[in-house]
Each structure stands twice: as C-alpha cells, then as structure tokens.
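Please walk through this structure with me, one region at a time, starting from a single helix and the turn that follows. I would like to see how the local details fit into the wider architecture.

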Amino acid sequence: MSTHYQLIAVFPPQEISKKEVISYFHEKGILDSIPSNCLLASEKEGFRAGEFAKLLVEDEESIPTSGVCGVEFSDERQVATAGGNMELEEILCPVCEANQLEHGLDLGDFFERVGSWNEGENIAMTCASCKHESPMDSFSVNKGFCLTNFVITFWNWPSIKPSFIEELHVKFGLGFKHFSGMV
Ligand SMILES: [Zn+2]
C-alpha cells in the first residue's frame with residue numbers, strides 16, 4: 001500500500017519556532033499532546049490526531065488513527081517535494097517573476113545550486129531576465145517543490161482545508177505552501 005502525505009512548508013524560509021507551532025496544535029486540540037510512534041520513519045516520534053483534528057479537514061471520517069497516521073514537525077533546511085518524477089514548470093524570480101525556464105536556465109546548474117543550498121550554503125542566483133541576484137531560496141518553484149526551513153507533514157490525512165493554511169499565515173505572519181505527495 002502506498003503512503004501519501006501533505007506538507008505545509010514555510011516559504012520563503014523564515015525564522016519560526018518549532019516549539020511554538022507544536023504548542024499551537026496542542027492548545028487547539030488538533031493533536032494529541034503525547035508523542036508516539038506514528039510516522040513513516042519508525043525511529044522518530046510524531047503526534048496523532050486529537051479531539052479537534054476534524055476542524056482542519058473536510059472529511060473527518062477519514063482521519064487515520066493507526067499505523068502511519070501522525071503529524072511530523074521538522075525545522076531543518078530541506079527541499080520539500082511531492083515525490084516521484086516531478087517536472088518543474090516554473091522557477092520564478094522574486095523580483096520580476098520571470099519564469100527562469102523560459103529564459104534559458106540550465107536545470108543541471110539549478111539542481112547543483114539546490115544541492116549546495118541543501119548542504120547549508122547561502123547561495124544566490126541571478127535572474128536571467130532582470131539580472132537581479134536573489135537568494136536561491138527566494139525563487140518560487142511550481143506547487144510540489146520548495147526550499148524551506150520548516151515543514152509540517154501529515155501522514156495519510158485527508159485534505160486539509162485552505163482556511164487552516166490561512167489561519168497559520170495569520171497566526172505566524174509567514175508564507176506557507178501546501179501540497180501533497182506519495183512515497
Ligand atoms: Zn527577475
């Protein structure tokens with residue numbers, strides 16, 4: 001059986017406290033306050049759905065309660081993706097929004113820079129259109145791909161309401177990307 005997930009990732013990367021975000025989920029009763037073994041990686045602990053998890057989703061009947069069913073919080077720099085062989089459709093300059101793929105960006109060069117960024121380097125990329133240099137992690141890639149420093153992963157949960165993403169945006173004052181993927 002395949003496992004699906006939904007990610008809520010901070011984009012562009014900004015300072016955020018993992019502890020505060022977890023507390024927010026606990027205070028609202030969305031997640032159980034006791035961590036347990038409920039993630040895909042069995043060596044890590046996550047949180048199972050709480051009494052008010054239903055507030056987040058349209059289809060509350062399908063919130064999983066056993067197996068890989070928990071929510072994971074990660075504050076490591078990472079490339080969040082929808083998994084599989086995803087085709088990049090756009091890589092937008094944060095200044096002029098030009099799609100770098102329509103201006104001759106070499107994808108090999110792009111992924112090399114992404115790799116260096118992922119290893120902790122703070123590198124920049126020059127827009128092929130307006131020539132402004134911007135941090136690598138400020139270029140917005142299409143939906144299932146983003147460079148981020150904070151990710152909330154919901155394992156096997158039903159679709160999360162857009163209104164909850166908006167709520168997080170208002171509460172923490174940051175941008176969030178939301179997409180799903182499969183392993
Ligand atoms: Zn530009």
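In this predicted model, helix H3 is followed by Gly-173, a residue whose phi is positive, near 65 degrees. The helix itself spans residues 162-172, and because the number buried among its eleven residues is one, H3 lies largely in the open. It is nevertheless placed against a sheet, for H3 lies across S1 and S10, running at about 140 degrees to S10.

The sheet to which S1 and S10 belong is an open one of four strands, in the order S2-S9-S1-S10 and with antiparallel pairing. Its edges are formed by S2 and by strand S10 (176-182), each of which pairs on one side only. Neighbouring strands of this sheet are turned against each other by 20 degrees on average, direction ignored. At the S2 edge, the antiparallel pairing of S2 with S9 extends over four bridges, and one of the contacts across this pair can be named: the bridge partner of Phe-73 in S9 is Ile-152. Ser-74, which lies in strand S2 (residues 71-74), illustrates how this part of the fold brings distant stretches of sequence together, since Ser-74 and Val-151 are 77 residues apart in sequence but 5.3 Å apart in space, C-alpha to C-alpha. Ser-74 counts as partly exposed because 17 other C-beta atoms lie within 10 Å, whereas 20 or more would be needed for a buried residue.

Val-151 leads on to the interior, where it is among the residues with the most contacts inside the largest nonpolar core, a set of 34 residues; the others so distinguished are Leu-7, Ile-8, Ala-9, Cys-146, Phe-154 and Phe-176. The elements that give two or more residues to this core are strand S1 (4-10), strand S8 (145-148) and strand S9 (151-155), and S1 gives the most, with five residues. The core also crosses the domain division, drawing at least three residues from each of domain 1 (4-78 + 144-182) and domain 2 (90-141). Cys-146 offers a view of its surroundings: leaving aside neighbours within four places in sequence, Cys-146 is in contact with Ala-9, Phe-11, Ala-80, Val-141 and Lys-177.

Phe-11, one of those partners, also takes part in a backbone feature, as the peptide bond from Phe-11 to Pro-12 is cis, with omega near -10 degrees. Pro-12 is placed in the loop between S1 and helix H1 (18-27).

The two domains can next be considered as a pair. Their centres, taken over C-alpha atoms, are separated by 27 Å, and the contact takes seven residues from domain 1 and eight residues from domain 2. On the side of domain 1 that touches domain 2, S8 gives the most, with three residues, and the residues of that side divide into five nonpolar, one polar and one charged.

Two further loops contain residues other than glycine with a positive phi. Glu-97, with phi near 65 degrees, is found in the loop between strand S4 (91-92) and helix H2 (107-118), and counts as exposed because there are 12 C-beta neighbours inside 10 Å. Lys-131, with phi near 70 degrees, is found in the loop between strand S5 (124-126) and strand S6 (133-135), and is likewise exposed, with 10 other C-beta atoms within 10 Å.

Conventions. Residues numbered from 1 in each chain as written. Predicted model: local features only at pLDDT ≥ 70, side-chain atom pairs only at ≥ 80, totals over all residues. Core = buried A, V, L, I, M, F, W, Y, C linked by C-beta atoms within 7 Å. Domains from an automatic or database assignment. Contact = placed C-beta atoms within 7 Å. Pairing = 2+ DSSP bridges. Axes fitted to C-alpha atoms, helices over the stretch in contact; angles between N-to-C directions. Nonpolar A, V, L, I, M, F, W, Y, C, P; charged D, E, K, R; others polar.
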